[in-house]
Amino acid sequence: MDSAPAKRRKLAHSEPSSENVLQSATTVGLSKHRIFVLEAEELLEEAAVDYAAAFPGADTLLGEIKTLIEAIEPHEPLPLVEAAHKLEKKHRLKVPFPEPRPPKDCNYKVAFAKPTQFNVVGSYVFKTMVETQKDHAIDMIFVIPAEVLQEKDFLDLRYFYKRAYVLAVVSAALKKKLGADADFSFEYLNGNPLCPILALQPKDKETHQLVDYRIRIIPCSPDAFFPRAKLHLGASLVRRVEEKESGVASKPTPFYNSTLIAEGSFLTYLKIIRQIEKKCAAFKDACVLGRIWLQQRGFSGAVSDGGFGHFEWALLLALLLKGGGDGRGNAVLSTSLKSTQLFKAVVQFLSVTNFAEKPYVLSKSDFEAPPGCGPVIYDADRQLNIVFKMSPWSAALLHQQAKWTRSLLNDGTVDQFSPTFILKTDTPVYSFDLVAKLSHFGSFDHAAEVDSRGKAWQFGSKVYRILKRALQDKELGERARLIHVRTPESPPWQLEEKPKKQKSTDVEIGVLFDPANMARSVDRGPSAGPSTEEKEECEKFRRFWGGKAELRRFEGDTIRETVIWNSTSPFELCEEIMRYILNLHLRIGVLEEDITFNGDELQDLLQLSPADSLVFNTTRKAFADFEKDIRELEDLPLHVRRLAPICPELRHASVKLPTLGPSKSGPRPMETVVSFEASGKWPENLAAIQRTKIAFLLMIGSLLEKAKEGQVKTWVGLEDAKCDTENLAFLDVLYESGASFRLRIHSDLEEILLERQVKDKTQEQHVRTKATTLLAAVRRIHTHLPLHSQTISTFVTRFPALSPTIRLLKQWFNSHKLSTHFPDDFIEIVALNVFLSPYPWDAPSSPNTGFLRALLFLARWDWRTEPLVLDTGGDMPPVDRAAIDTRMEAWRNIDPSMNHTVLFVATSHDATGLAYTSYDGHAKPSKVVATRMTALAKSVSRVVKEEGIALDARRLFVPSLKDYDILLHLNSKVAKSTLKTYPADNSEDVAMDSPERYSRFKNLDERTGKAFLPLAQHPAEAFLDHLSAAYSGALVFFRGTPDDMTVGGIWNPQVQKKKFRINLPTSYKPDAAAAAHDSDDEDEEQGVDVNLNKEGILAEIARIGGDLIEKIDAKGL
């Protein structure tokens, strides 16, 4: 009965929150698009800023600043240099003149007068800030009076010199009055060196600590003060002295010109955004979503962060809503759209409009952008390029990010929200296949440049143009899909100092490979024909490529300009090209340390190379020969229907390359399964079927040895079976060439009989349970693994980086001693997931990015509530996905403690979700091990985020042994001595007639030691299997590869102390303290307390291991 009062009950019927609606949506199974809308609404609620709490006293301080500026005493015009000198001497500050500073003999004057207008602009006014943004700042502009300026001040930085002087006057006055209550500094407005501004960070009046927001004071020019016709993108408004003297035409200054127009457009665009805000209810929310999307991708309004931030997003959206966005004066978007629809519309616009290559004009106009003016979205009504701060590389990156997001939002089968708004994608090692750092751009000569964005930007622009020609030439075949340059940001500086130089002198270059072309070692240039046009093309080619260009004849007797590269792997090729071309044109790379490359460190750890695929293909060919030999056996009673591989070596997924040929330890057999045509002669008894399989294996082995006499040796081996209804045997086949295979037989009738037992309710429960376990094992080996191998083999061909990514990921599991708890097919499916569901990126083009993204997925995967679903067939309907979610929810309800089902992984060929994560009726991995995997993956992701390209990749593969309670150190010599498969391994070093070549035992003749030995199981592997079976309740063991000679163990805390009873799970001993305490209590009816006998268990382990164990380290014993 509800005891709440009526008013409370009435409140309960109010509109539900986004969080409650979202939970309802996931329960009833709404579409991904609808869930995306609900999650976006919830995000808007959570990201909203409490302005009263975040900006205490801001409005009062803004009013005080306005009053203080208005109270500044005006003065008459004085020569600029003289006025600046007086101001600096009087107030001990430096006027923040842009570079180059005004010459001492400049003859124009500067004055100060009361500003004509004040206004607060930006996110603070529109309430579109978010909690997670890097900096909370309030922008306050004041308009410089027209009488202080002259119409021709747009030339040669005159306006910007006067602007800097006015800002210095205001800064001196404010610091004099508010110096004790705030910190003052200069900084560049959005990193624009032409526009210094004053940043004021208040102090708390009680604690005198700096608060978490700043107020930025921005001077600007009156609206349309300078004639817009003279400020077009092709105008040359900054003339150097030598150009004035010689009369040579100056280069266009598009960035300078657009900055001048933008200086007079603050209030104009403020009015436009205000109008749209009133017309479109969802405008503000769409701007917030855009801010978050840009922020997660590393974009902001600063030049060093791409030059496209929240203001550019809001202005673009407003202009598309206002009218004129289609170039004919019509509105592109309707004001009745919702926030998510507006967000998707802007993303769609950015994804289809490549304004870095082709200018886009808003509103009807005959505007044509001059060449070389960079990215252009032109507001024809106000004659401003609203993306003038963007560079060609940042525009290309924004375009690519928008394309990836559009692809994500069009995919209704995946989670759209987290990759769009939650996951940060600005870490270079996740986004680019190669990251190069160019050092010491300070030596770059930029005297010939007239751009005003600074030395670092000019250097980066030159590098980008050269690399774009070298790596993205469409005629040669684009090696790179994207090239991005990151320049250092400009730091703020104190009022009494000169502008600080950029903190770093390094420029980062990120390259995203095109996997189809990056591995190409020959670049075919233009044809060396007789025509004038062909000769000009050849000359241009030779001029760019220098001495590397040479003439070569190709098929069809065509002669072409050609460039030949020596490297073979995509990374090495890109490095070779970049070193050569930058050295040729910029003299960068003469010293090795001038350029450092990051992106192949992980591949070096495993010595991955393009030649590895040839080894795997050779192994596949050996399997094809083995299949052919089996099918050609004539005396088999049944025809072979299928022979399928089920091991990693035969699907390009083993950590180590498969070895074919003699070796000291011998080859590991590659597992296969064979199924025959249907027959009614199989016995209808499970035990009899297993014995029939043994007979089949003996027959196959005998026939193979007879058909390939002297080339093949076979043995029938016995499984470690616990009952006679399990598979009892396998056939090992060893070829003289070194290829070895392990063959098991599949019987359809066996599966049918097991299904009958499972469904037969008249059977006892333990019989049905055992049949369920056997049926799962049969289906795993004979159905699941062949289909999985086929899937991985297919996608390895489709994605060149998939195979090395799988091998790196397995090596990581091995290094951290997790691989014994995770089936190979699970690790492979995790790696495949980042290729089939790569959002918010595209499919990885290199092993490094694939590996790091796989670990990022493991770090973020909430396997307790979310299944991993892969549409490997490409046609999984939504109904099947919903059924998988329902099945996992049912498992969690049945088994909330996750004792039987931990990870839930489903694919197109296995919707049960258990084939990849259960083995022999038990969860593999257990909950404890899965938690450890997640913790290790989170540690890796944190280190990658913190250190970026400076990360030493070897650290990711160093295990932490201090976490284990015991360490078993195994003897590698003993292990190797049991693995000999071939005759004496020193036979090549001993003479044929030497007695040392034969056995040292006199009763054995010279034939001894020449025959092949049976393929042995690795002793460490067999030892660990035995320990896991014997002590699974007391200890959890961890081990990596078969060559890992250190086994870790953790005591199970749940079995440390118990009451004595019969059939305890392992060895216990009486608790001495408890026994002494209870010795006088004869009426005690409860059991005696016992503790885990750790010393006894370790002694048993040492006895079982024998010579294989070198030593045991135990913590606390």
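**Exercise 1.** In this predicted model, determine whether Leu438 is buried or exposed, and describe its surroundings.

*Solution.* Step 1: The relative accessible area of Leu438 is 0%. Step 2: Buried means under 20% relative accessible area, so Leu438 is buried. Step 3: Leu438 belongs to strand β11, which covers residues 434–438. Step 4: Beyond its neighbours within four places in sequence, Leu438 is in contact with several residues, among them Phe459, Val463, Leu582 and Ile595. Step 5: Ile588 lies 150 residues away from Leu438 along the chain, yet the C-alpha atoms of the two are separated by 8.1 Å.

**Exercise 2.** State the order of the strands β8, β9 and β10 in their open sheet, and identify which strands stand at the edges.

*Solution.* Step 1: The order is β8-β9-β10, with mixed pairing. Step 2: β8 (360–362) and β10 (384–385) each have a single partner strand, so they stand at the edges and one side of each has no neighbour in the sheet. Step 3: β8 pairs with β9 (residues 377–379) in the parallel sense, over three bridges. Step 4: Leu362 is placed opposite Asp379 in β9.

**Exercise 3.** Describe how helix α18 packs against helix α19.

*Solution.* Step 1: α18 (residues 455–471) and α19 (residues 532–545) pack at an angle of about 120°, and their axes are 12 Å apart. Step 2: At this angle, α18 is oblique to α19. Step 3: The crossing is left-handed. Step 4: Ile466, Arg469 and Ala470 of α18 meet Lys540, Phe541, Phe544 and Trp545 of α19. Step 5: The residues of this contact comprise five nonpolar, no polar and two charged.

Key: Residues are numbered from 1 along each chain as its sequence is written. This is a predicted model: local features need pLDDT of at least 70, side-chain atom pairs count only at pLDDT 80 or more; totals for chains, interfaces and linings use all residues. Side-chain values use heavy atoms; hydrogens and water are left out. Two strands pair if DSSP finds at least two bridges between them. Helices (H or I, at least four residues) and strands (E, at least two) are DSSP runs, numbered from the N terminus. Buried means under 20% relative accessible area, exposed over 50%, partly exposed in between (1.4 Å probe, protein chains only). Contact means heavy atoms within 4.5 Å. Axes are lines fitted to C-alpha atoms, for helices over the stretch in contact, and angles run from 0 to 180 degrees between N-to-C directions. Angles under 35 degrees count as roughly parallel, over 145 as roughly antiparallel, 65 to 115 as roughly perpendicular and the rest as oblique. A crossing is left-handed if the near helix is turned anticlockwise from the far one by less than a right angle, and right-handed if clockwise. Ala, Val, Leu, Ile, Met, Phe, Trp, Tyr, Cys and Pro count as nonpolar, Asp, Glu, Lys and Arg as charged, and the others, Gly among them, as polar.
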